[in-house]
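This report goes through selected local features of one model and then its overall make-up. The sequence and structure come first.

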Amino acid sequence: MPKVYCYGRASTGRQTLTESHQRQVCEEYVRRVVLPEGYTAGGWLYDAATSGSKPMFEREEGRKLWVLVQPGDKIVWAKLDRAFRSVVDGARTMQLLTQKGVSFNSLDLGLDTGTPIGRCICTILMSFAELELEFVKQRTRDALRSKKAAGLPYGRCTPIGWRRIGKRSTAHFLPDLVERAQVEEIAAMRSRGLSLDEIAGALRTTPRPRGQAWNRNTLRMALRAREEGFPKRYVGTPRGSRHTVVPSAAVHETRGI
């Protein structure tokens, strides 16, 4: 008798609820629709913390699935994007399965590639799905650019000399005077000829206001942020570069606000 396999995927290891939901949807459909057609249950395969950009049969559980399925078998998944993200990958996967005599059901779209019309509709819908994904990416990029231009938080990193207030749409920056005072102390030690390692050692018992320890990289960024007037953006210094400290110890608190 042919077998039916259920497949799922999550992009990160933190998406614990998504597996139980996908599995419940797939197994309920298999029990209600597929098993009465004469199939036997082949089991549940799930790729956790796996990007959808990775071809399906190159994933750990995806490879197992490819070995398991035989002509006449069927694969069921809850959503099309759990299997693939691009038209090229989707078309290639569908071609491989068709050549092997295996069909699949994508429950979110009601697709069954066991028929020619089903395979045709699947290709068309994959094109629209990829187009929508590109629209989402573009909207995200536009939103990040707008936040960056407005001096609002747009990533996980908080610029040195600032503290983040609020969440999501209400998030904004306020000057962190405690950290700026630490940066002044760092600049003073640097001007006395102390190395970055020596400064990090001296500040071992004086962490940053948010609890992180100072290290060579953050010390470089702090000195550069001070030079630029504490801009509301992440300031990095290329690895291995030497840093020149501005002689003046004055800090204009209103710069960059």
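## Positive phi outside glycine

In this predicted model, Phe 230 is buried, because its relative accessible area is 1%, under the 20% limit for that class. The residue lies in the segment after helix H7 (216–227). Phi of Phe 230 is near 55°, a positive value in a residue other than glycine. Most residues other than glycine have a negative phi.

Ala 49 also is not a glycine and has a positive phi, of about 50°. Its place is in the loop between strand S2 (40–47) and helix H2 (60–68). Is Ala 49 buried or partly exposed? Its relative accessibility is 47%, so Ala 49 counts as partly exposed.

## Helix H5

Helix H5 covers residues 177–191, which is 15 residues. At 1.5 Å a residue the helix should span 21 Å, and the C-alpha atoms at its ends are 21 Å apart, so the expected and modelled spans agree. The expected value follows because the rise is multiplied by one less than the number of residues.

At the N-terminal end, H5 is capped by Asp 176, with a side-chain oxygen 3.2 Å from the backbone nitrogen of Val 178. After the helix comes Gly 193, which has a positive phi near 100°.

Which residues of H5 are buried? They are Glu 179, Arg 180, Gln 182, Val 183, Glu 184, Ile 186, Ala 187 and Met 189. The elements against which these buried residues pack are strand S6 (162–165), strand S7 (172–175), helix H6 (196–202) and H7.

## Aromatic pairs

The count of aromatic pairs comes to five. One of them joins Phe 57 and Trp 66, with 4.9 Å centre to centre and 45° between the planes. The pair is classed as tilted, because 45° falls between the 30 degree limit for stacked and the 60 degree limit for edge-to-face. Phe 57 counts as buried at 13% relative accessibility, whereas Trp 66 is partly exposed, with a relative accessible area of 27%.

Trp 77 and Phe 84 form an edge-to-face pair, with 5.8 Å centre to centre and 85° between the planes. Trp 77 is buried, at a relative accessible area of 0%, and Phe 84 is buried too, at 3%. Together with Phe 104, Trp 77 and Phe 84 form one aromatic cluster.

## Charges over rings

Trp 66 has a further partner: the charged end of Lys 100 sits over its ring, 4.1 Å from the centre. Elsewhere, Arg 208 lies over the face of Trp 214, at 5.2 Å from the ring centre.

## Overall make-up

The protein has seven helices and seven strands. Along the sequence they follow the pattern β-α-β-α-β-α-β-β-α-β-β-α-α-α.

Of the 257 residues in the protein, 35% are buried. Its accessible surface comes to about 14700 Å², and carbon and sulfur atoms account for 56% of that area. Among contacts between residues at least 6 apart in sequence, 60% join residues at least 24 apart.

Terms used:
Residues numbered from 1 in each chain as written. Predicted model: local features only at pLDDT ≥ 70, side-chain atom pairs only at ≥ 80, totals over all residues. Heavy atoms only, no water. Helix = DSSP H or I, 4+ residues; strand = E, 2+ residues; numbered from the N terminus. Buried < 20%, exposed > 50% of the residue type's maximum accessible area, 1.4 Å probe, protein only. Contact = heavy atoms within 4.5 Å. Areas by Shrake-Rupley, 256 points an atom, 1.4 Å probe, with all protein chains shown as cover. Polar contact = N/O pair within 3.5 Å; in protein donor to acceptor, adjacent residues only side chain to side chain. Phe/Tyr/Trp six-rings, centres within 6.5 Å; stacked < 30°, edge-to-face > 60°. Lys NZ or Arg CZ within 6 Å of the ring centre and 35° of its normal.
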